[in-house]
Amino acid sequence: MTRTGILTNIQRCSTEDGPGIRTTAFLKGCPLNCVWCHNIETIDSNPRTVWHSEKCIGDKACIEACPEGALDLTTEGMVIDLRKCLVCGTCEEECPAGAIEIIGKTWEVDALVEELIRDKVFFDTSNGGVTISGGEPLLQHEFTKELASKLRVKGVHVALDTTGYASESVWRSILEHVDLVLLDLKQMDPEKHQEFVGIPLERVLENAKILTEVGMPVWVRTPIIPDHTDTRENIRAISKFIAQYMQTVERYDLLAFNKMCIEKYSLFGLEYPLKDYDMIEKEKMEVLAQLACEEGISNVTWSGMTKRDDNESELTRTNEVKTCG
Amino acid sequence: MTLDNERASGKIWSPSDTLSNRVKRLRNQFYSFHDRTETNEPYSFTTGTKWDEVYSTHDWAQEPALYPFFASINATLQAMAIPVALPDDYWDHGLAMRRAIFFHEVMTKHMPVTILDDEMVVGFNFSTALSKSLNKSETKVRNKEMSKWFEEAGRLNAVGIGTATSVPGHIIPNYAKALSVGMKGLVEEYEGILKGDISPKHREFVESLILSCKTARDFNKRYADKARELLESTTDPERKSELEEIARICDMVPWNPPETFWEALQALWTVHILVMAAESYPGAGLSHGRWDQYMYPFYKASMESGDLLPEKAKELLHCYWIKHNYVYDFQGRLGLNQGINSGFGQLMTLGGCGPNGEDMANELTWLALDVIEEMNLLEPKPNVRIHKNTPDDFLMKIAGMLSRAQGSPFLLNFDEHSIDGLVWQGVPREDAWDYGVVGCLENTMQGNDRSDTIDVNINLAKAVELALNDGKDIATGQQMGLKTGDPLSFTTYEQFRDSVKVQLAELIRLLTRCGSMADTIRAKYQPTPYLSALMDGCATRGKDINEGGTDWNFTTVEGMGIATLVDSVAAVKMMVFDQKRITMKELLAAIHDNYKNQEEIRQLLRQKAPKFGNDDDYVDEIAREFSTFWGEETFKHENPYTGKRYRAGYLSWNYYIPLAPLTAATPDGRRRGEFLSGGVGAVQGMDAKGPTASIRSVGKLGLETIPNGASHTITLSPSMVRSQENVAKLAALLRAYNEVGGTALQINIINSETLRDAQSNPDKYSNLLIRVTGYNAYFTQIGRELQEEIITRTEHNL
């Protein structure tokens with residue numbers, strides 16, 4: 001029997017998940033509970049039925065089709081009784097409008113490999129490849145391992161985008177099958193780490209050190225979240241750790257906070273806990289990046305939208321036309 | 001070509017601050033269209049006979065929106081026509097000679113001669129409406145044939161089958177040869193033909209070509225005289241010496257071959273504007289071909305001699321560039337005044353491969369790219385050829401320019417796939433590498449090819465409507481197609497599929513037959529000896545360019561709505577025959593009702609059937625089957641009168657808009673009135689898997705049977721190309737396109753207005769990727785608040 005895994009999404013032409021043009025596979029399930037999580041649909045390991053209100057045409061085909069009677073269209077919208085729902089997919093199948101979606105699709109590893117290498121030519125011209133992301137892909141480590149090794153057989157560069165939270169044996173065994181690790185280091189204060197992320201810091205740091213031991217190229221990434229990770233002390237501590245223990249780090253990215261995920265939370269009937277936070281000031285990002293440089297890290301970048309300076313003057317616009325196709 | 005009035009943000013894509021004061025003044029001169037006294041609006045000229053015609057409907061009938069205005073445009077031009085005195089024996093000559101004499105008289109005696117302050121390359125007025133020079137009986141027959149063709153063209157257009165006509169422009173004259181031997185050299189060659197044993201008719205035709213070449217000489221002498229006249233009133237010593245040089249150059253070229261870069265630019269400009277004057281067709285598609293190749297020796301000579309400083313060379317180029325934009329003055333009158341749009345295209349092919357696949361870009365190519373970016377003008381329109389040996393630094397330059405532009409500074413043509421198409425249509429592979437691009441993105445050979453790339457336009461999606469209604473137009477009930485039977489009798493997908501093919505073949509037959517009527521009229525009554533003199537083979541064969549006198553003679557049928565067609569066929573296959581989720585009866589009812597009260601069915605067809613543009617083999621195989629089918633079917637037809645064969649292309653211009661209300665609801669869930677797909681792109685908003693998937697779908701079409709080439713547009717958000725690292729990824733995307741994509745690509749970096757539109761019409765923009773901190777997201781799927789933020793930032797170029 002072929003091994004299967006559960007994915008939430010496959011993103012092609014991804015330019016932000018490692019070098020070159022990449023296809024990113026998002027695996028479902030994550031042991032962390034980051035307060036600022038952007039992909040809440042990837043936390044739960046199990047598939048789940050969701051309803052897209054803006055697509056619904058109210059024909060109730062899903063309700064009629066549901067063998068468990070788990071759906072009800074009320075004045076408040078669709079109510080999905082999660083105790084009854086077996087996530088059988090009948091409603092998704094029957095809905096003509098694509099308003100019902102099962103988040104979390106099962107893939108056989110061989111079929112997934114075929115799907116992920118469709119953009120092989122783009123990987124080749126850009127030194128890109130496939131990024132296995134999540135959730136935390138190592139929650140499905142056997143699947144991840146097989147996927148990575150089969151992709152490499154096809155000549156595809158494989159990056160693992162991970163929280164670094166896995167047992168040492170799992171960690172060591174996966175590293176043999178990937179070319180690059182994108183590792184999140186979020187918070188260096190163990191108590192805060194436990195509080196904001198929901199897991200102990202120590203395991204992550206131990207695993208980070210192993211990367212150097214085995215000579216694995218690494219890109220470290222820190223989400224700069226206001227009041228959670230955005231202090232100088234934190235960035236300095238992360239930078240010191242990298243400088244001291246992670247000689248194979250090729251690049252350190254600081255990712256500015258944003259609130260793109262608000263819509264996703266509403267899909268699950270939730271509110272984004274950080275919805276009231278403002279974006280980070282540009283100056284702060286620059287200061288933090290500079291700080292990392294000062295700690296001796298050679299390739300530091302920061303990216304993302306920052307708080308707007310509203311004094312920016314309105315640009316004059318021309319009425320010229322320039323398109324032909 | 002699109003007619004989108006995309007505006008550019010001043011900061012991102014504006015003229016460079018480094019332009020010289022002279023160039024800034026010249027640029028402003030052009031843009032002062034509503035104030036300036038000098039304009040290149042058309043002058044009309046008549047033989048003075050009461051039956052004279054100065055306008056040909058078939059020259060403009062690719063644009064159905066103009067049909068109601070033809071009569072008044074014709075009358076206006078007639079009324080404003082200036083009579084031209086002609087020699088006594090004028091009417092004794094054959095038509096080609098009459099046209100040549102008329103052209104000579106107009107250009108050497110009547111056309112105003114203007115030199116603008118500061119300009120260094122001269123030649124201003126070239127918009128004409130020239131007498132067709134027909135005698136009374138020719139006029140009578142011509143007008144009768146014209147009415148018959150126009151009636152048929154109107155009949156096909158009225159129900160949205162397409163357009164069929166015969167349009168000037170869209171050609172690359174042999175400018176390279178005209179520069180290397182001079183018009184004098186062409187005359188010497190043609191005099192050699194006269195020494196042979198040829199028919200009197202052939203003889204007179206060749207003489208008409210010789211007279212036309214002399215017209216170019218005499219025309220520029222007037223500019224030399226004008227420069228000398230201005231000298232007298234000029235006090236500035238610098239300008240005085242420039243005018244002396246202009247006078248010297250215009251006395252010399254284009255009759256003698258140029259030697260310096262300045263001379264070559266002047267010779268080229270003169271030869272070029274005279275084609276527009278001779279065809280009475282300013283600008284649209286009259287293209288330069290591989291400009292950077294044949295201009296390079298002159299550039300190199302001037303640089304090596306030290307007579308021309310690099311800054312001066314660039315300023316000359318700036319001056320030459322601006323001139324091309326005066327074609328748009330033509331749009332100022334004649335009911336075409338919707339403001340200046342970029343609908344014309346004097347294309348300039350840059351870069352590309354040589355005979356052995358080597359890269360041909362040179363110093364002048366790089367200089368031209370700088371000029372394009374510095375000038376920020378509508379014309380000339382550059383097309384950059386990319387191939388597998390395009391160097392990385394060149395590709396990065398291209399990607400960088402794309403990333404800084406809003407709207408596209410140029411189109412990209414991909415050599416290997418383009419060449420495959422030309423070879424398929426019969427061009428030997430050892431010649432095909434030297435192709436050029438006309439109009440927008442249409443591939444043709446240079447100097448020996450008239451492929452009439454916008455003459456016939458077919459609504460491919462219409463075949464589905466006819467197949468679902470036994471050949472009858474649904475709105476009017478007219479039997480336009482063949483009787484393929486009641487769709488309720490179809491028991492298999494194959495029966496349905498074959499009916500669509502039968503209807504497609506019939507539409508191709510109807511349109512090519514109509515196109516041939518127009519092509520024949522043009523061949524009989526509109527010889528253009530000046531252009532024929534610049535096209536290989538016409539003199540030897542004794543045939544005008546419009547009679548099929550050059551080496552490669554095609555008429556291109558441009559296919560509209562391929563994605564609408566294949567999405568519709570795929571939806572019927574999957575939902576009616578494979579999965580049986582709806583019956584044919586339900587489908588027909590929904591289509592006849594335009595999906596009114598049929599939202600469930602419409603959603604099912606739209607959301608659950610596979611769509612072209614997503615790298616989905618189920619529908620991409622259908623796309624390939626239909627694309628190659630109609631490409632091959634088109635190639636079976638030719639006009640026996642001119643010997644011009646029909647070939648296929650995908651250039652949708654703006655037809656997906658006017659054809660929309662004329663095309664019934666389609667089984668892909670599209671309602672009547674909703675746009676058809678454009679070029680080889682997906683139906684708007686239906687390609688939801690990003691640029692790479694869309695590129696792969698296009699690559700699967702089997703475009704070698706579409707020798708004209710295929711228009712493919714990819715829209716990117718500025719955030720995708722903001723950093724140098726991401727620009728490199730765009731360059732890599734272009735390199736991959738050359739391997740797995742189509743023949744021609746336009747990259748649009750969108751502006752905030754497009755983002756606003758995406759915000760209000762998310763269905764149309766489901767493919768629009770943006771770059772967020774550390775990941776990509778689809779613009780339409782993020783929250784409203786964030787959308788606002790991104791739009792504001794785009795406006796401010798943050």
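Me: Which residue in strand 3 of chain B stands opposite Thr46(B), and what makes strand 2 and strand 3 of chain B a pair?

Reply: Thr46(B) stands opposite Pro83(B) in strand 3 of chain B. Strands, like helices, are DSSP runs numbered from the N terminus (E over at least two residues for a strand, H or I over at least four for a helix), and two strands pair if DSSP finds at least two bridges between them. Two bridges join strand 2 to strand 3 of chain B, and the two run parallel, so the definition is met. The model is predicted, with local features needing pLDDT of at least 70 and side-chain atom pairs counting only at pLDDT 80 or more, whereas totals for chains, interfaces and linings use all residues. Residues are numbered from 1 along each chain as its sequence is written, while chains are lettered from A and ligands numbered from 1 in the order in which they are written.

Me: Why are strand 3 and strand 4 of chain B said to stand at the edges of their sheet?

Reply: The sheet is open and consists of three strands in the order 3-2-4, with parallel pairing. Strand 3 (82-83) and strand 4 (128-130) of chain B each have a single partner strand, so one side of each is left without a neighbour in the sheet. Strand 2 (residues 43-46) pairs with strand 4 of chain B over three bridges, in the parallel sense; across this pairing Tyr43(B) stands opposite Thr128(B), and Ser44(B) stands opposite Ala129(B). As a general matter, strands of a sheet pair through backbone hydrogen bonds, either parallel or antiparallel.

Me: What makes strand 17 of chain B mostly covered?

Reply: Burial is a matter of counting, because a residue is buried if 20 or more other C-beta atoms lie within 10 Å of its own, exposed if 12 or fewer do, and partly exposed in between, with C-beta atoms placed from the backbone. In strand 17 (residues 744-749) of chain B, six of the six residues are buried. Both faces are covered, with Ala744(B), Gln746(B) and Asn748(B) on one side and Leu745(B), Ile747(B) and Ile749(B) on the other.

Me: Which strands pair with strand 17 of chain B, and in which sense?

Reply: Strand 16 (residues 711-716) of chain B runs parallel to strand 17 and is joined to it by six bridges, with Thr713(B) opposite Gln746(B). Strand 8 (residues 411-414) of chain B pairs with strand 17 in the antiparallel sense over two bridges, and here the bridge partner of Asn413(B) is Ala744(B).

Me: Why is the length of helix 12 of chain B said to agree with expectation, and what puts its buried residues on the same side?

Reply: The expected span of a helix is 1.5 Å times one less than its number of residues; for the 13 residues of helix 12 (residues 363-375) this gives 18 Å, and the end C-alpha atoms are 18 Å apart, which agrees. Its buried residues are Leu364(B), Thr365(B), Ala368(B), Leu369(B), Ile372(B) and Met375(B). They cover an arc of only 145° around the axis, which puts them on the same side of helix 12 of chain B, the arc being that of the directions from the helix axis to the C-beta atoms. Their packing partners in chain B include helix 10 (296-305), helix 11 (310-323) and strand 7 (381-386), where contact requires that the C-beta atoms of two residues, placed from the backbone, lie within 7 Å.

Me: Why is Cys293(A) called partly exposed?

Reply: Cys293(A), in helix 11 (residues 282-294) of chain A, has 14 other C-beta atoms within 10 Å, a count that falls between the two cut-offs, so it is called partly exposed. Its C-alpha atom is 8.2 Å from that of Ser239(A), 54 residues apart along the chain.

Me: Why do the radii of gyration of the two chains agree with a compact globule?

Reply: The radius of gyration is taken over C-alpha atoms, and the globule rule is 2.2 Å times the number of residues to the power 0.38. For the 798 residues of chain B the rule gives a value near 28 Å, and chain B has 27 Å, which agrees; for the 325 residues of chain A it gives a value near 20 Å, and chain A has 22 Å, which also agrees. Buried residues make up 60% of chain B and 48% of chain A.
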